[in-house]
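Student: I have this model open and would like a close look at a single part of it. Could you pick one helix and walk me through its surroundings?

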Amino acid sequence: MTGLTVRDLSYSYGPRRALDEVSFDVPKGRFAALLGPNGAGKSTLFSLLTRLFTARDGGIEIAGHDLARAPRAALARIGVVFQQPTLDLDLTVRRNLSYFAALHGLSGREAGSRIDAALERLGMAERAQERARDLNGGHRRRTEIARCLIHAPSVLLLDEPTVGLDAASRKAITDHVHDLSRDSGLTVLWATHLTDEIEDSDHLLILHHGRLLQEGLAGELRGSQGLRDHFLKQTAGPP
Amino acid sequence: MRHAFVALNAIVLREAQRFVRQRGRFVAALVRPLIWLLVFAAGFRAALGLSIAPPYQTYITYEVYILPGLCGMILLFNGMQSSLSLVYDREMGSMRLLLTAPLPRWWLLFCRLVASTAISILQVYTFLAVAAAFGIRMPLIGYLAVLPALAVAGIMLGALGLALSSLIKQLENFAGVMNFVIFPMFFLSTALYPLWKMAESSMVLRDICAVNPFTHAVEFIRFALYGQFNGPALGWTVLAGAIFFVLAVWGYDPARGLLRRKG
């Protein structure tokens with residue numbers, strides 16, 4: 001089974017082209033970092049991948065399911081962490097998770113044991129009864145990551161999940177998701193504009209002005225220079 | 001099928017849990033119709049003479065006349081507020097979560113309508129209880145018979161809010177909706193005065209009131225509160241609700257890119 005495939009995807013906001021014939025593959029079980037400056041088209045790509053809106057041109061395949069032809073089968077295979085927080089702050093961590101589980105058709109004991117496992121995995125088990133409002137930013141993000149694992153997805157989509165977090169929380173969350181990909185065979189697409197979240201062994205996609213500039217192994221693409229310098233050099237040019 | 005109902009249950013439960021935690025919202029929603037009932041209606045009592053028309057079988061006071069209209073008002077305000085907050089407010093995130101669930105989009109929107117209507121119904125019953133405490137009572141059967149009427153009317157008004165939120169870009173805040181939707185809908189209806197009273201001042205106004213779906217929702221509630229069934233009012237309310245819902249589903253079609261514009 002494949003991981004994530006994007007073919008000739010284009011999208012415009014009126015006259016402005018946000019994505020221009022973007023194509024890439026993330027093989028099953030790989031961690032792919034989608035690196036791009038602000039306004040590169042990352043969030044547009046995520047909205048298309050999660051079918052919040054659809055594009056006329058191009059195609060998306062998630063774990064072997066065509067998103068346009070079989071949207072429900074494809075959506076059932078993805079776990080998403082949006083850039084904007086989506087927790088209900090008035091509810092407890094556990095209630096937030098059981099709400100999400102139910103949206104995926106899980107209830108009762110099965111949902112309970114999956115929620116326990118997901119919270120345990122992200123080190124959030126003791127905080128299950130706390131209100132989301134009382135958690136710090138890092139723990140809220142961990143809750144969202146735990147939540148997106150409940151329905152055992154094959155592909156994780158994370159849109160700049162470390163925005164607004166301190167350095168320690170950022171590192172903890174980046175490491176966690178790298179581990180998830182390594183240990184559980186999950187395909188991950190991690191959008192970021194921060195080069196220090198990317199490991200040399202990650203599959204790297206550099207997006208700039210809606211175009212995919214480079215695709216390959218991060219360590220190979222950067223060569224002998226640091227990834228930050230490589231990225232700045234790649235994205236320095238005009239659109 | 002099971003999946004769809006598990007989701008419906010969870011969406012309603014979530015709304016109920018949020019409602020319990022937001023008591024301020026509950027009190028605010030109750031104060032508005034109570035002011036109308038206890039202040040406005042008392043003032044107008046002397047000015048307005050109402051003759052007997054179905055479902056009433058005897059002379060009634062003005063407070064009794066506007067009670068169903070105020071039930072409708074709660075549904076109208078809540079329906080609009082909850083649908084619009086979905087798009088404009090902090091609820092944007094939860095909307096994203098909802099719409100990426102692997103269920104048909106129309107079903108997810110319908111679940112959201114059922115959830116907000118359930119909360120509105122709780123508020124209407126609280127309002128009816130307070131009104132009863134002030135001596136404005138309905139026949140006992142009416143309190144039971146009004147439940148399905150409130151559900152149908154609530155879903156119709158919520159669907160209108162949902163359709164507006166998806167179709168009209170200019171309605172960027174609740175004040176705009178108040179001026180251009182809620183107030184005209186409420187005042188140009190039978191909530192405050194009967195149709196024949198409206199006809200005395202202007203036939204055009206009377207005709208506008210007669211086609212206003214809110215009029216039919218209020219009349220359906222009014223008859224139900226006396227244990228009576230008003231078929232045409234139900235028909236118009238369901239028809240309007242179906243049209244608004246189809247518009248909302250069309251508005252939220254991913255190919256139209258609503259969330260692109262709003263979010």
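Tutor: Happy to. This is a predicted model, and a good place to begin is α5(A), whose buried residues are covered by parts of chain A that include β6 (78-81), α3 (93-103), α4 (108-121) and α6. Helix α5 of chain A runs over residues 137-147, and eight of its eleven residues are buried, so this helix is largely enclosed by the rest of the structure. A residue counts as buried here if 20 or more other C-beta atoms lie within 10 Å of its own. If you follow the buried residues along the helix, you meet Arg140(A), Arg141(A), Arg142(A), Thr143(A), Glu144(A), Ile145(A), Ala146(A) and Arg147(A). Among them you will find Ile145(A) and Ala146(A), but also Arg140(A) and Glu144(A).

Now let us place the helix in its chain. The domain assignment splits chain A into domain 1, made of 1-77 + 155-239, and domain 2, made of 85-152. Their C-alpha centres are 24 Å apart. Where they meet, ten residues of domain 1 of chain A contact nine residues of domain 2 of chain A. Helix α6 (residues 167-184), already named as part of the cover of α5(A), gives the most to the domain 1 side of this contact, with five residues. By class, that side has seven nonpolar and three polar residues, with no charged ones.

Stepping back to the whole chain, you can count eight helices and ten strands in chain A. Its radius of gyration is 18 Å, close to the 18 Å that the globule rule gives for 239 residues, so chain A is as compact as a globular protein of that length. The C-alpha trace of chain A spans about 50 × 40 × 35 Å along its principal axes. Burial is the state of 48% of the 239 residues of chain A. Among contacts in chain A with a separation of 6 or more, 68% are between residues 24 or more positions apart.

Finally, turn to the partner chain. Chain A brings 26 residues to the contact and chain B brings 25. On the chain B side, α1 (2-21), α4 (92-99) and α12 (258-262) each supply at least two residues. Helix α1(B) has the largest share of that side, ten residues. The chain B residues touching chain A divide into twelve nonpolar, seven polar and six charged.

Key:
Residues numbered from 1 in each chain as written. Chains lettered and ligands numbered in written order. Predicted model: local features only at pLDDT ≥ 70, side-chain atom pairs only at ≥ 80, totals over all residues. Domains from an automatic or database assignment. Contact = placed C-beta atoms within 7 Å. Helix = DSSP H or I, 4+ residues; strand = E, 2+ residues; numbered from the N terminus. Nonpolar A, V, L, I, M, F, W, Y, C, P; charged D, E, K, R; others polar. Rg over C-alpha atoms; globule rule 2.2 N^0.38 Å. Buried ≥ 20, exposed ≤ 12 C-beta atoms within 10 Å, placed from the backbone.
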